[in-house]
Amino acid sequence: QVIKCKAAVLWEANTPFSIEEVEVAPPKAHEVRIKIVATGICRSDDHVVTGGVVRPFPIILGHEAAGVVESVGEGVTSIKPGDKVIPLFIPQCGKCNCCLSTKGNLCIMNEIGSGTGLMPDGTTRFTCKGKAVHHFLGTSTFSEYTTVHESAVAKIDSAAPLEKVCLIGCGFATGYGAVVKTAKVEPGSTCAVFGVGGVGLSVVMGCKAAGASRIIAIDINNEKLAKAKELGATDCINPQDLKKPIQEVVTEMTGHGVDYSFEVVGLIETMTAALACCQNNYGVSVIVGVPPAAQKITFDPRLLLTGRTWTGTIFGSWKSKDAVPKLVADYMKKKFVLDPLITHTLPFNKINEGFDLLRTGK
């Protein structure tokens, strides 16, 4: 059956979301239709609104969520109606070179690079006012119901609180994984975190869990720095209070630069500063923030010549289908907290207010 429900449709860039009635087609073979219970708002969604990330319109955004399976298509055996699940914007097909490699997690079925806004078969499951509506990252969670491919959904503990574990669908897993999976921070290390929004705070939590001896949080919003302190940051710096470049200050504070730096803003200036502030031989700098399209980076290659490592991470390097249920289980065992990452809980029809809060740093 086609389901009619509410969704936040973005008809064009730089406009508010419009709450519309949409039709959600039933799942085809190897697809799963999910009733979304809770969805987070992520800066990556906003990049599409502002045109920083280019996608076809109209589109239903959202990629950080949790819900309950409503129905499954032919051939789906791993998931059944009633299961609690988290949609995965990085799928795990289990067959491509990245899925088969122990080193990678960027499944070939991901929609990040192509940006088509379509299901793997090249069609969409959403219509609104007679028009086809595009999907976003294969998830489209700003809808009461969404249809995803079987490779893009993880079954989780039936007792998990969906309004909290939805953050494991992107922000928390990305930040925490950047530390424990991508950088593999060791006990006693020194770390600098550029940007302590939801993902940056998850990086701070990862550094603390990894046993870092010093965690330097850097942000231009003092309220976020206070939260970073609560979650384990040992030092907090607002670059607007400094007389010299942040990389010089961090290098002086630590004597030789940090062992690990994490850029969680998505600006080329902070990316080069994060690289420059890590130790000049064995320092590792990880790009976590999503940069706007069409921006190019210029840096002094001598920063790498002496041995520094500059790397990126997608979804915290986790293999999504395998890792998400385990992360939810760890949350249920109280191995980490999620409450501090949730600042506001709003009804779905106030999604535009949610984005205003995001844009104003609240």
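## Two domains and what holds the chain together

Let's start at the border between the two domains: across the interface of domain 1 and domain 2, the rule finds zero salt bridges. A salt bridge here is a side-chain nitrogen of Lys or Arg within 4 Å of a carboxyl oxygen of Asp or Glu. Before going on, keep in mind that this is a predicted model, in which local features need pLDDT of at least 70 and side-chain atom pairs count only at pLDDT 80 or more, while totals for chains, interfaces and linings use all residues. Residues are numbered from 1 along each chain as its sequence is written, and side-chain values use heavy atoms, with hydrogens and water left out.

So where are these domains? Domain 1 covers 3-171 + 317-353, and domain 2 covers 183-312; the bounds come from an automatic or database domain assignment. Their centres, taken over C-alpha atoms, are 29 Å apart. At the border, nine residues of domain 1 are in contact with ten residues of domain 2, where contact means heavy atoms within 4.5 Å. The area buried between the two is about 840 Å², and carbon and sulfur atoms give 66% of it. (Buried area is the accessible area, with a 1.4 Å probe, that two parts lose on being put together, summed over both.) On the domain 1 side, Gly 171, Pro 340 and Leu 341 lose the most area to domain 2, together 47% of what that side buries.

Now look at helix H1 (residues 43-50). Helices (H or I, at least four residues) and strands (E, at least two) are DSSP runs, numbered from the N terminus. Six of the eight residues of H1 are buried, so the helix is largely enclosed by the rest of the structure. "Buried" means under 20% relative accessible area, exposed means over 50%, and partly exposed is in between (1.4 Å probe, protein chains only). The buried residues of H1 are Ser 44, Asp 45, Asp 46, His 47, Val 48 and Val 49, and they pack against strand E1 (3-10) and H11. Right after H1 comes Gly 51, with a positive phi near 90°.

Next, the strands. An open sheet of five strands runs in the order E4-E1-E2-E7-E8, with antiparallel pairing; two strands pair if DSSP finds at least two bridges between them. At the edges sit E4 (59-60) and E8 (131-133), each pairing on one side only. E7 (residues 126-128) is joined to E8 by three bridges, and Thr 127 has Ala 132 in E8 as its bridge partner. Elsewhere, E11 (residues 190-194) is joined to E12 (residues 214-218) by five bridges, and these two run parallel. Five of the five residues of E11 are buried, so this strand is largely enclosed by the rest of the structure.

Finally, the rings. The structure holds nine aromatic pairs. Rings of Phe, Tyr and Trp (its six-membered ring) pair if their centres lie within 6.5 Å; planes under 30 degrees apart count as stacked, over 60 as edge-to-face and the rest as tilted. Phe 89 and Phe 315 are edge-to-face, 5.4 Å centre to centre with 80° between the planes. Phe 89 lies in the loop between E6 (84-87) and H2 (97-100) and Phe 315 in the loop between E16 (309-312) and H10 (320-332), so the pair ties together parts that are 226 residues apart in sequence. Both Phe 89 and Phe 315 are buried.
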